Amino acid sequence: MLSGYWIHKMYKEKYDLLESPYYSFITSRWLRIYPTYIFNLILVLLIVFVFKWSPEGLQAYAEDGDSRFWFSNIFLLTYNQLPVPLMFLVPAWSLDIELQFYIIFPLIFLCLSRTKPVWVYLACFLVSMLANTVLHDIFQGTVITGIHFFLVGSLLYVTDYKPGKSVVYISALIFILLLSTNYLHPVLRANMFASNRDLMWLGMNYHELFNTTLALVIIPILAANVKQPSPPTDRLMGNLSYDIYLFHWVLALPYNYFFAHLPFVQRLPYFFVYFLLTMVGSYFIYKLIDEPVERLRKKWIKETKKPVGLEVQKIR
């Protein structure tokens with residue numbers, strides 16, 4: 001949902017003002033995601049194929065590794081459609097979904113600018129509903145099955161929704177209660193950590209229903225959060241979150257290989273080392289890759305793409 005909000009805001013307030021909005025937007029988002037992803041992917045491939053610290057990954061590749069595996073890993077698109085054992089860098093599934101949204105959002109934006117937004121949103125929500133029911137086999141693993149989450153964020157931007165403090169507090173309370181119940185109830189907790197998560201409730205998958213409910217509950221919190229000023233420390237942590245999101249999985253592979261079999265108490269010191277290395281490594285990735293690429297990305301947008309408004313003024 002946050003991605004839907006920020007992408008709509010960025011596209012409308014920055015990229016739509018440029019000479020080539022779609023090209024500039026796609027290139028800019030690719031530069032934001034891809035360099036850091038490729039670096040972490042290389043590390044994971046070394047861990048799996050060279051150091052052999054992921055026996056499950058090696059076995060999965062020996063059984064099902066093919067051209068689709070390499071296409072999905074190199075280009076990210078269709079990554080979410082790989083079998084889970086072949087997702088060596090598991091968090092990258094969400095990057096695939098993000099990229100798909102980047103590709104189709106300009107079309108949604110164009111429709112919003114050409115017709116009544118209410119009809120566009122209704123049509124998109126209808127497509128999402130169909131993709132999650134009768135057309136699920138066709139759209140499984142694509143952004144279409146989850147586009148309703150992005151659309152909620154987009155609606156928060158379009159409507160400029162500003163919840164009151166009491167609504168935000170109630171939202172937070174319900175969120176905590178739902179999360180606590182889910183983790184304290186033994187059956188629900190077991191389902192949360194199961195690999196298949198096949199618990200059903202009223203004919204629906206409980207895990208999917210629970211996640212959707214949580215997303216709806218936190219809408220007021222998100223709406224209030226995006227209105228808050230962002231100090232430098234907050235921006236730094238926000239930038240680091242992407243590096244941590246990917247790099248923690250890179251180190252999780254050797255951590256699990258060497259220490260997962262140990263009892264909890266014996267494993268704890270190694271976990272703290274793992275946590276520290278994740279934070280330090282993520283910071284270095286940010287400083288050595290993210291930050292330089294971000295400077296180049298902003299410079300490219302500024303120097304090679306002149307706002308349409310400036311061109312009009314020159315003509316006049």
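Which residues are buried in H4? In this predicted model, the buried residues of H4 are Phe69, Ser72 and Asn73.

## Helix H4: the buried side

Phe69, Ser72 and Asn73 sit on the same side of H4, because they cover an arc of only 95° around the axis. An α-helix has 3.6 residues a turn, so residues three or four places apart point the same way. Other helices supply cover for the buried residues of H4. Among them are helix H2 (21-50) and helix H3 (55-64).

Both ends of H4 deserve a look. Asp66 caps the N-terminal end. One of its side-chain oxygens lies 3.1 Å from the backbone nitrogen of Arg68. Just after H4 comes Leu76, with a positive phi of about 75°. Most residues other than glycine have a negative phi.

## Helix H4: the nonpolar patch

H4 also contributes to the surface. A nonpolar patch of about 610 Å² is built from Tyr22, Trp70, Phe71, Ile74, Phe75, Leu77 and Ile103. Helix H4 (residues 67-75) gives the largest share of this patch, four residues.

Trp70 is one of the patch residues, and its place is in H4. Is Trp70 buried, exposed or partly exposed? Trp70 counts as partly exposed because its relative accessibility is 31%, and the cut-off for buried is under 20%.

## Salt bridges across the chain

How many salt bridges does the structure hold? The structure holds eight. One of them pairs Asp290 with Arg32. Their closest N and O atoms are 3.6 Å apart. This pair links distant parts of the chain. Asp290 is in helix H14 (residues 264-304), Arg32 is in helix H2, and the two positions lie 258 residues apart in numbering. Asp290 is buried, with a relative accessible area of 7%.

A second pair is Asp160 and Lys227. Here the closest N and O atoms are 2.3 Å apart. Again, distant parts of the chain are linked, with the partners 67 residues apart. Asp160 is in the loop between helix H8 (147-159) and helix H9 (165-184). Lys227 is in the loop between helix H12 (219-225) and helix H13 (232-259). Both ends of this bridge are partly exposed: Asp160 at 35% relative accessibility, Lys227 at 36%.

## A salt bridge within H14, and a network

Lys287 forms a salt bridge with Glu291. The closest N and O atoms are 2.9 Å apart. Both residues lie in helix H14, four residues apart, about one turn of the helix. Lys287 is partly exposed at 32% relative accessibility. Glu291 is partly exposed too, at 22%.

Some salt bridges share partners. Which residues do they join into one network? The network consists of Asp160, Lys162 and Lys227.

## Two buried residues in H13 and H14

Pro254 is found in helix H13. At 12% relative accessibility, Pro254 counts as buried. Its contacts beyond four places in sequence are Ile47 and Trp53. Val48 offers another reference point: the C-alpha atoms of Pro254 and Val48 are separated by 9.3 Å. Along the chain, these two residues are 206 residues apart.

Ser282 lies in helix H14. Is Ser282 buried or exposed? Ser282 is buried, with a relative accessible area of 0%. Setting aside neighbours within four places in sequence, Ser282 is in contact with Leu240, Asp243, Ile244 and Phe247.

## Positive phi in two loops

Lys52 is not a glycine, yet its phi is positive, about 55°. Lys52 lies in the loop between H2 and H3. Its relative accessible area is 45%, so Lys52 is partly exposed.

Asp160 returns here. Its phi is near 55°, a positive value in a residue other than glycine. The place of Asp160 is in the loop between H8 and H9. Asp160 is also a salt-bridge partner of Lys227.

Conventions. Residues are numbered from 1 along each chain as its sequence is written. This is a predicted model: local features need pLDDT of at least 70, side-chain atom pairs count only at pLDDT 80 or more; totals for chains, interfaces and linings use all residues. Side-chain values use heavy atoms; hydrogens and water are left out. Patches are made of residues with over 30% relative accessible area and no salt bridge: like charges are joined within 9 Å, nonpolar side chains (Val, Leu, Ile, Met, Phe, Trp, Tyr) within 5 Å. Accessible areas come from the Shrake-Rupley method with a 1.4 Å probe; for residues, only the protein chains shown count as cover. A salt bridge is a side-chain nitrogen of Lys or Arg within 4 Å of a carboxyl oxygen of Asp or Glu. Buried means under 20% relative accessible area, exposed over 50%, partly exposed in between (1.4 Å probe, protein chains only). The arc is that of the directions from the helix axis to the C-beta atoms. Contact means heavy atoms within 4.5 Å. A polar contact is a pair of N or O atoms within 3.5 Å; within protein, one must be able to donate a hydrogen and the other to accept it, and residues adjacent in sequence count only if both atoms are side-chain atoms.
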